[in-house]
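The following exercises concern side-chain packing in a single protein model. Each task is followed by a solution that proceeds step by step.

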Amino acid sequence: MTTVVEKPKIVLPTKKSEVDNKWIDQKTGMIGPAGIGKSKFWSYANGLYIQTEAGLNHLSVFKVVCRCWDDFKETYTLLLHDANSGSFKYDTIIIDTIDRFLDLIHEEVIARGRAKFKAVEINTIGDIPNGAGWAWAQELMENTLSKLESLPAHIVYIGHLEQKEIKEPTRSIHKATISIGGKMGGLLTAWPDHLLNINAQYQGNKIVRNVRTLPTANIEAKSRGGVVQDGWTWTDSDEENFSKFRGMFK
């Protein structure tokens, strides 16, 4: 009897891969205090805002208001249709804000929990038996980010900043990080290629905004490949700031 040896499906590479610096292949998270121009920064992109909370009325942008999970699903379906048909209109998709987007996920998970566990009174995600609600929410966020990544666009989320106390075996430190905690916060800080932590301080009557991209014990930030310089100080012109950022990519 002759044994048929299947040809390997994996081919070992003979040369190194090239650095991918294309704009539409990037993933960025931006966290910072309210009212310092995070949303305005992205308004200079050819972008679509997935608006999950109020706050964009002062900007002239492309936006879709998503107030429930079905709104987002319909929005994604339209984006996927355009991508598959070769008529994609945007090079950037901005979730504004990720905090409220997570609320939409929780509302959807609670609805699914009520449908599955009809004998249980479920008012919060923690009421879903066996901790399933938290697992469902994590899976839904992971799947959603993965689907958005498949679109031919730079994917961005805007989030709130929080000073959290981190307790270690021998010390306790305060860290400027995303306001979302637990495993979900870990997912959202690990996901982007660039996590821009916007630090804002007043100098007299002027606010000075710095972009932190180098992680420290007290700052949650990063830029893979060091593309975005740590300590970059924004000028008063958000259009100029975005133009400089856009110029870092192909």
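**Exercise 1: An aromatic pair**

Phe-41 and Phe-242 are both buried in this predicted model. Determine which geometry their aromatic pair has, and which elements the pair ties together.

*Solution.*
1. The ring centres of Phe-41 and Phe-242 are 5.5 Å apart, and their planes make an angle of 75 degrees.
2. Because planes over 60 degrees apart count as edge-to-face, the pair of Phe-41 and Phe-242 is edge-to-face.
3. Phe-41 belongs to helix α1 (residues 38-42) and Phe-242 to helix α6 (residues 238-246), so the pair connects parts that are 201 residues apart in sequence.
4. Both residues also belong to a cluster linked by ring pairs, which consists of Trp-23, Phe-41, Trp-42, Trp-232, Trp-234, Phe-242, Phe-245 and Phe-249.
5. The count of aromatic pairs in the structure comes to 19.

**Exercise 2: Cysteines**

Explain why Cys-66 and Cys-68 form no bond with each other, and state whether each is buried or partly exposed.

*Solution.*
1. A disulfide requires two cysteine sulfur atoms within 2.5 Å.
2. The cysteine sulfur closest to that of Cys-66 is in Cys-68, at 7.9 Å, which is too far for a bond.
3. Seen from Cys-68, the closest cysteine sulfur is in Cys-66, again at 7.9 Å and too far for a bond.
4. The structure accordingly holds zero disulfides.
5. Cys-66 has 0% relative accessibility and counts as buried, whereas Cys-68, with a relative accessible area of 31%, is partly exposed.

**Exercise 3: The largest nonpolar core**

Identify the residues that touch the most other members of the largest nonpolar core, and establish which element gives the largest share of this core.

*Solution.*
1. The core has 39 residues; Ile-93, Ile-98, Ile-105, Met-141, Tyr-157 and Leu-188 touch the most other members.
2. Two or more residues each come from β2 (47-51), α2 (69-85), β4 (92-96), α3 (98-116), α4 (132-149), β5 (154-167) and α5 (182-190).
3. The largest share, seven residues, is given by α3.
4. Apart from this core lies another, of 22 residues, including Trp-42, Leu-56, Leu-196 and Trp-232.
5. As background, nonpolar side chains in soluble globular proteins tend to be buried together.

**Exercise 4: Contacts and a charge**

Which residues does Leu-188 touch, leaving aside those up to four places away in sequence, and over which ring does the charged end of Lys-116 sit?

*Solution.*
1. With that exclusion, Leu-188 touches Ile-98, Met-141, Leu-145, Tyr-157, Ile-178 and Ile-180.
2. The charged end of Lys-116 sits over the ring of Phe-117, at 5.7 Å from the ring centre.

Definitions and conventions:
Residues are numbered from 1 along each chain as its sequence is written. This is a predicted model: local features need pLDDT of at least 70, side-chain atom pairs count only at pLDDT 80 or more; totals for chains, interfaces and linings use all residues. Side-chain values use heavy atoms; hydrogens and water are left out. Buried means under 20% relative accessible area, exposed over 50%, partly exposed in between (1.4 Å probe, protein chains only). A nonpolar core is a set of buried Ala, Val, Leu, Ile, Met, Phe, Trp, Tyr and Cys residues joined through side-chain atoms within 4.5 Å. Helices (H or I, at least four residues) and strands (E, at least two) are DSSP runs, numbered from the N terminus. Contact means heavy atoms within 4.5 Å. Rings of Phe, Tyr and Trp (its six-membered ring) pair if their centres lie within 6.5 Å; planes under 30 degrees apart count as stacked, over 60 as edge-to-face and the rest as tilted. A charge sits over a ring if NZ of Lys or CZ of Arg is within 6 Å of the ring centre and within 35 degrees of the ring normal.
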